[in-house]
Amino acid sequence: MQTPVLAFDVYGTLVDTQGVVSTLRSRLGEEAFLFAGRWRDKQLEFAFRRGLMGAYADFSQCKREALDLVDQEWGTRFGEEFKQNLMMAYRRLPAFGEVPAALERIRGLGVRCVAFSNGSRQSVELLFDNAGLLAMFDDIVSVEEVRRFKPDAVVYAHLRRRTHSRPDNTWLISSNPFDIIGARYAGLRAAWIQRNPKVPFEPWGDPPDMMAPDMEALADQFEVMLKREGKLQS
């Protein structure tokens, strides 16, 4: 029996991208939340566009390009030193509160846990080291190895090659609907972490196999499922 592989998205799923807000608040006050959200959205948009163009660049470059654009849009005129501080803040994003204990529970179910990210391996390793998550993963799979971005089907195929896993035994765990839809289209199973209860799942593509409000609830559901499927290892 093949050990189930759980591939965890990183940004927004395990670590809170709103962690940059505290740095932004010193300049923008309560508008820091809006700036951070716009910055994150533009970073993803730039990565998706680069993917379609075949013009891959490191995810951190997309992040910096997005920061420069939003700075211009808002007329904030951040200096280079402050922009570097914001980029550094992304390397120190905190894990969501329930994540460490939930990951320990999930690992105890006898599954393989890998991080699966649009970020570079080096960026994820540094992020996890700062957040205290590095030891909880068997491996880190980065899209930089194929120079494409999620939700490109090539990336999910790469994940399976790296983990030597079957599609029906490979799970993507993500808070991003685009990631879930991409994984389901590629034949993987998927679990959506609905971190914002007001945000519905996108009404197209295959829905997730599992939904949970946070990682602790996901651990509960996985334990029940693995028992039902006879895959729970003692």
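**Entry 1: aromatic rings**

I began with a search of the whole structure for ring pairs, and it returned 14 aromatic pairs. Note to self: this is a predicted model. I picked F35 and F78 for a look; they form a tilted pair, with 5.5 Å centre to centre and 55° between the planes. Where do the two partners of this pair sit along the chain? I found F35 in helix α2 (residues 32-53) and F78 in the loop between α3 (59-74) and α4 (80-90), 43 residues apart, so I logged the pair as a link between distant parts of the chain. Both F35 and F78 are buried.

I then followed the ring pairs outward and got a cluster, made up of Y11, W39, Y56, F59, Y90 and F149.

**Entry 2: charges over rings**

Two cases went into the notebook. R27 lies over the face of F82, 4.1 Å from the ring centre. K150 has its charged end over the ring of F116, at 4.7 Å from the centre of that ring.

**Entry 3: the cavity**

How many cavities of 30 Å³ or more does the structure hold? I found one. The largest cavity has about 60 Å³ of space. Its lining consists of D9, Y11, R40, L44, F59, S117, N118, K150, N176, F178 and D179. Helices α2 and α8 (177-185) are the elements that give two or more residues to this lining. Sorted by class, I have four nonpolar, three polar and four charged residues there. A cross-reference for later: Y11 and F59 from the ring cluster are also in the cavity lining, and so is K150, whose charged end sits over F116.

**Entry 4: salt bridges**

The structure holds 24 salt bridges, and I looked up a few of them. E45 pairs with R49, with 2.8 Å between the closest N and O atoms. These two are four residues apart in helix α2, so about one helical turn separates them. E45 is partly exposed at 29% relative accessible area, and R49 is partly exposed at 42%.

My next pick was E216 with R105, where the closest N and O atoms are 2.7 Å apart. This bridge links distant parts of the chain: E216 is in helix α9 (residues 215-228) and R105 in helix α5 (residues 99-107), 111 residues apart. Are these partners buried or exposed? I have E216 as partly exposed at 28% and R105 as partly exposed at 30%.

R148 bridges to D152, with the closest N and O atoms 2.8 Å apart. R148 is partly exposed at 32% relative accessibility, as is D152 at 22%.

Last, I traced a network of salt bridges that links R64, D68, D71, E80 and K83.

Notes. Residues are numbered from 1 along each chain as its sequence is written. This is a predicted model: local features need pLDDT of at least 70, side-chain atom pairs count only at pLDDT 80 or more; totals for chains, interfaces and linings use all residues. Side-chain values use heavy atoms; hydrogens and water are left out. Rings of Phe, Tyr and Trp (its six-membered ring) pair if their centres lie within 6.5 Å; planes under 30 degrees apart count as stacked, over 60 as edge-to-face and the rest as tilted. Buried means under 20% relative accessible area, exposed over 50%, partly exposed in between (1.4 Å probe, protein chains only). A charge sits over a ring if NZ of Lys or CZ of Arg is within 6 Å of the ring centre and within 35 degrees of the ring normal. On a 1 Å grid over the protein atoms alone, a cavity is a set of points where a 1.4 Å probe fits but cannot get out, and a pocket is an open set with protein on both sides within 12 Å along at least five of seven lines; lining residues have an atom within 4 Å of a point. Grid points are joined across faces, edges and corners, and a volume is the space filled by probe spheres set on the points. Ala, Val, Leu, Ile, Met, Phe, Trp, Tyr, Cys and Pro count as nonpolar, Asp, Glu, Lys and Arg as charged, and the others, Gly among them, as polar. A salt bridge is a side-chain nitrogen of Lys or Arg within 4 Å of a carboxyl oxygen of Asp or Glu.
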